[in-house]
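Reader: I would like to learn how to read helices and sheets from a model. Please take the features in turn.

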Amino acid sequence: MSTRTPLAYSPKILELFKNPKNLGRMNDASVVSQAGSPACGDVITIYLKIDGDKIIDSSFESYGCAANIAAASILTEMIKGKTLKEAWDLTWEDVANELGGLPPIKYHCSILAVGGLKRAIRKYFEEIKREKPEWLPKDLSKEERQALEEEELIERMYKKYGVVT
Ligand code: FES
């Protein structure tokens, strides 16, 4: 029997891990974005369906852990019906709070989910609408920056050890 102590997940995380909402590919998404590194396995894909300035539907796919699945699940619920600006203003801490808290070692799971969302919103304005609202900052949000740093770190490690991805 394992002697490892299980992480202290909230009941909400356990519930959403077992029964995630909005899980799966969305074929008619307005924009799709990813965060995380396929090399290490923690990757999240966020799908948004947008009408005007509102998110009318959202779904996700995750190759992350239980906390990431729960974070993405609750995030997709939180943003439905919100304007793009309201969704942009959400932070990884908001998602963690909504889950009833996360163990510190799992903060990155919420950061990846919100990083994926913010990348999707940025991509929507930069590549699809080709017109940026004044509220969208030029600099990366903390979640986008952290996701990028993790991706670059994994890539450096794989290069260092000669792993081809
Ligand atoms: Fe990497 Fe949860 S997504 S540990």
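Author: What follows covers the sheet, then two helices, in a predicted model.

Reader: Where do I start with the sheet, and what is the order of its strands?

Author: Start with the order and the sense of pairing. Here three strands form an open sheet in the order β1-β2-β3, paired antiparallel. β1 (31-36) and β3 (54-62) are the edge strands, each pairing on one side only. From one strand to the next the twist averages 20 degrees.

Reader: How many bridges hold each pair, β1 with β2 and β2 with β3?

Author: Six bridges link β1 to β2 (residues 43-51) in the antiparallel sense, and Ala-35 stands opposite Ile-44 in β2. Between β2 and β3, also antiparallel, there are eight bridges; there Ile-50 stands opposite Ile-55 in β3.

Reader: What should I look at in the hairpin of β2 and β3?

Author: Look at the connection and its backbone angles. Two residues lie between the strands, and Gly-52 has a positive phi near 65 degrees.

Reader: Which helix lies across β2 and β3?

Author: That is α2 (residues 66-79), which runs at about 170 degrees to β3.

Reader: How do I read a helix such as α5 along its length?

Author: Begin with the general geometry: an α-helix has 3.6 residues a turn, so residues three or four places apart point the same way. Then check the span. α5 (residues 107-129) has 23 residues and reaches 32 Å from first C-alpha to last, close to the 33 Å expected at 1.5 Å a residue.

Reader: Where does α5 bend, and what follows the helix?

Author: The bend is at Lys-123, by about 30 degrees. After α5 comes Arg-130, with a positive phi near 55 degrees.

Conventions: Residues numbered from 1 in each chain as written. Predicted model: local features only at pLDDT ≥ 70, side-chain atom pairs only at ≥ 80, totals over all residues. Helix = DSSP H or I, 4+ residues; strand = E, 2+ residues; numbered from the N terminus. Expected span 1.5 Å × (residues − 1). Bend = angle between axes of the 7 residues up to and from the residue. Pairing = 2+ DSSP bridges. Axes fitted to C-alpha atoms, helices over the stretch in contact; angles between N-to-C directions. Contact = placed C-beta atoms within 7 Å.
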